[in-house]
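Let's take a friendly walk through a protein model and see how some of its side chains meet. Keep the picture open as you read, and look up each residue when its name appears.

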Amino acid sequence: GGGGGGGGGGGGGGSGGGGGGGDSPSGGCPQEANLEEPQQFDAMLAARASARKDVVITILGPTSGTRAIKMEEEVGEAFVLNLLSTLASVGVTNTLPITTHLKLPSHPGNNLCLTRLRPRGVCCAYSGVGMGVVHQGAPGRSWTVEETHPYMLFLQRWWLTGQAVWRGYSVLSLDTDLHLSTNPLAMLRAPPYSTFDALMQLDSAWAVQGDSEGQVPTDERGQHVNVVPCRRRLLAPSAAVDAHGCACGAVPAPLLNTGFVYVRAAAAAGATSLPQLIFNRSVAKIMHRLARPPNHDAKGAVDPHAVWAQDVVNEVASEMASLHPGVSAAGRRCHKRDSACSPRPLSAQDARDAKRRWWLPRLPHSVWLATHRRTAAGAEACDAADASRRAPNDLQLVAWTSLVAPTAAAPTRADGAALLAGG
């Protein structure tokens, strides 16, 4: 969910299509693989990205802690090798697995790129961004985070994503446990996804009938509603809306899942794009928070969610979100059942079911939903789709928002410290 015109992204699944070949690396495998060294970073991207400047990344590292899925090194390695094999089977070899560099020379999992993947013939790279702030005695330990905590894995992914997109590369970041049945890059080059600048899958469903607001909102406890077809078009045809499908109406903003993330590069390398800022600002927030005292929940226990990359990506995306052009004048800005956006005080039940993390600001608007058909024929194409409830375009829905850069007049929250908007 999320995104579109002027920066943002779409969401959803389904079989792909379009695109074609060319998803192979431009070069070999550089010997130097430390991504924290700019020259090595540049050389690695130049070698592993395709001619289209797409690169597919995934992550491996030793994990521990109460929130980790504890994997032996052999199991984690097997997941990476399986994903690489699956990608190769659908024509994608422009891949770059990255591993955490713990910066603990005596630790057996200090650098799995060098000790496990490269000996298996896998081209990989490594980084250890933020490790210093979670070493023994450092302030990050008070958040219950250490070098092998899984939160540090995702911090590397978003740091790499922001850096690579700024350099002019488009990044597809994948969890190793994803099942892929088609070339994901070809899918992203085809409608409905080709018009979006950043795409993420959902961590929830949504109340999908924008013109029938009686559905229960999805919360973060895993309660999902069924996806059903759009009932009718709610907006008059316009280029801003029709570029993303037949508009169905506003829906509560879904939670974003960061297991499948694609970010397109800006037109010019070295330019800060709005999708890139989602990940740069997420890394900046996490690093800032790890250096200060931790959050505590109502029971007094340390709550590390504010340094969990997926939650922080949701936070930053909500801060930068705006209604899509052509939508804000069409009616209510908040879906009736959007507990994160409602202008009225929440009922006791809505407060219990509220899907936003407790530290997030309330949203000023919901997001927009459309069927996935490109509507070159305008209203007639959407009306024809409405005539058949089983039309293929009704089987796949896209929710989106536009992104806006923070300004002095509308600053984003920075937890007491001024965070730079870019770079």
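This report covers aromatic pairs, charges over rings, disulfides and one buried arginine, in a model that is predicted.

## Rings that pair up

How many aromatic pairs does a search of the whole structure find? The count is 4. One of them brings together F154 and W308, whose ring centres lie 4.9 Å apart. The planes of these two rings make an angle of 80°, an edge-to-face arrangement. F154 belongs to helix α4 (residues 150–166), while W308 is found in the loop between α7 (274–290) and α8 (309–320). The two residues are 154 residues apart, and the pair links distant parts of the chain. F154 counts as buried because its relative accessibility is 13%. W308 is buried too, at 15%.

Helix α4 also takes part in another aromatic pair, through W158, whose partner F279 is in helix α7. Here the centres are 5.0 Å apart and the planes meet at 40°, so the pair is tilted: an angle over 60 would be edge-to-face and one under 30 stacked. The partners are 121 residues apart, so this is again a link between distant parts of the chain. Are W158 and F279 buried or exposed? W158 has a relative accessible area of 1% and is buried, and F279, at 0% relative accessibility, is buried as well.

Now go back to F154 and W308. Together with Y151, these residues form a cluster linked by ring pairs.

## Charges over rings

Rings can also have a charged group for company. Which ring does the charged end of K53 sit over? That ring belongs to Y169, and the charged end of K53 is 4.5 Å from its centre. In a second example, R167 places its charged end over the ring of F41, at 4.4 Å from the ring centre.

## Two disulfides

A disulfide is a covalent bond between the sulfur atoms of two cysteines. The count in this model comes to 2 disulfides. One joins C29 to C123, with an S to S distance of 2.1 Å. The torsion about this S-S bond is about 90°, which means that the disulfide is right-handed. C29 sits in the segment before α1 (38–48), whereas C123 is in the loop between α3 (112–117) and β3 (125–127), so the bond ties together parts that are 94 residues apart in sequence. C29 is partly exposed at 38% relative accessibility, but C123 is buried at 10%.

The other disulfide is formed by C113 and C124, with sulfur atoms 2.0 Å apart. Its S-S torsion is about 90°, so this bond is right-handed. C113 lies in helix α3 and C124 in the loop between α3 and β3, 11 residues apart. Both C113 and C124 are buried.

## A buried arginine

Finally, find R264 in the loop between β7 (256–263) and α7. R264 is buried yet has no salt bridge. Why is there no salt bridge? The nearest side chain of opposite charge, D197, is 5.1 Å away, and a salt bridge needs the atoms to be within 4 Å, so D197 does not qualify.

What, then, lies 3.0 Å from a polar atom of the side chain of R264? The backbone oxygen of Y193 does.

Conventions
Residues are numbered from 1 along each chain as its sequence is written. This is a predicted model: local features need pLDDT of at least 70, side-chain atom pairs count only at pLDDT 80 or more; totals for chains, interfaces and linings use all residues. Side-chain values use heavy atoms; hydrogens and water are left out. Rings of Phe, Tyr and Trp (its six-membered ring) pair if their centres lie within 6.5 Å; planes under 30 degrees apart count as stacked, over 60 as edge-to-face and the rest as tilted. Helices (H or I, at least four residues) and strands (E, at least two) are DSSP runs, numbered from the N terminus. Buried means under 20% relative accessible area, exposed over 50%, partly exposed in between (1.4 Å probe, protein chains only). A charge sits over a ring if NZ of Lys or CZ of Arg is within 6 Å of the ring centre and within 35 degrees of the ring normal. A disulfide is a pair of cysteine sulfur atoms within 2.5 Å. Lys and Arg count as positive and Asp and Glu as negative; His and the chain ends are not counted. A polar contact is a pair of N or O atoms within 3.5 Å; within protein, one must be able to donate a hydrogen and the other to accept it, and residues adjacent in sequence count only if both atoms are side-chain atoms.
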